[in-house]
Amino acid sequence: MDLGDPCIVCTAENTNTVFTTDQFIHQNCPNCGEFKVTSDGLDRIGEYTNPSGLGLGHKKRAILSSWIVSQSQSGAVPTLTANIIDELLCATPQ
Ligand SMILES: [Zn+2]
């Protein structure tokens, strides 16, 4: 456990990384809440990030963050996979 890593989704700094494995990272963010990102999801965030060189950008971060918040209401820890990230972000204009 590691305090102070930035949130993968929204970059909030006081995020608690609960658990990290080869398959996923589990974080608890003050903005997004608790969530997991699979390793292919992390790669996908990198792919959306690299072309612009500017990071995901505020709009895409907000989309992912609000998806996590809405999924959390079911009581399960939401997991961002590459497929979910594609679904959420492909429909979003730059
Ligand atoms: Zn966050």
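Helices (H or I, at least four residues) and strands (E, at least two) are DSSP runs, numbered from the N terminus. The model is predicted: local features need pLDDT of at least 70 and side-chain atom pairs count only at pLDDT 80 or more, while totals for chains, interfaces and linings use all residues. Residues are numbered from 1 along each chain as its sequence is written.

Start with the whole protein chain, which has 3 helices and 5 strands. Along the sequence their pattern reads β-β-β-β-α-α-β-α.

Next, select residues 24-29, strand E3, and residues 33-38, strand E4; the two pair in the antiparallel sense over 6 bridges. Strands count as paired if DSSP finds at least two bridges between them. Between E3 and E4 lies a hairpin of 3 residues. To see one bridge, pick Phe24 and its partner in E4, Thr38.

Keep E4 and add residues 79-80, strand E5: 2 bridges join these strands, which run parallel. Here Val37 has Leu80 as its bridge partner in E5.

Now turn to the largest nonpolar core, a set of 14 residues. Such a core consists of buried Ala, Val, Leu, Ile, Met, Phe, Trp, Tyr and Cys residues joined through C-beta atoms within 7 Å; buried means that 20 or more other C-beta atoms lie within 10 Å of a residue's own, with C-beta atoms placed from the backbone. Val9, Cys32 and Ile68 have the most contacts inside the core. E4 and helix H2 (58-72) each supply at least two of its residues, and H2 gives the most, with 3 residues.

Finish on Ile68: leaving out residues up to four places away in sequence, Ile68 touches Val9, Cys32, Gly33, Phe35 and Pro78. Contact requires C-beta atoms, placed from the backbone, within 7 Å.

Notes: Buried ≥ 20, exposed ≤ 12 C-beta atoms within 10 Å, placed from the backbone. Contact = placed C-beta atoms within 7 Å.
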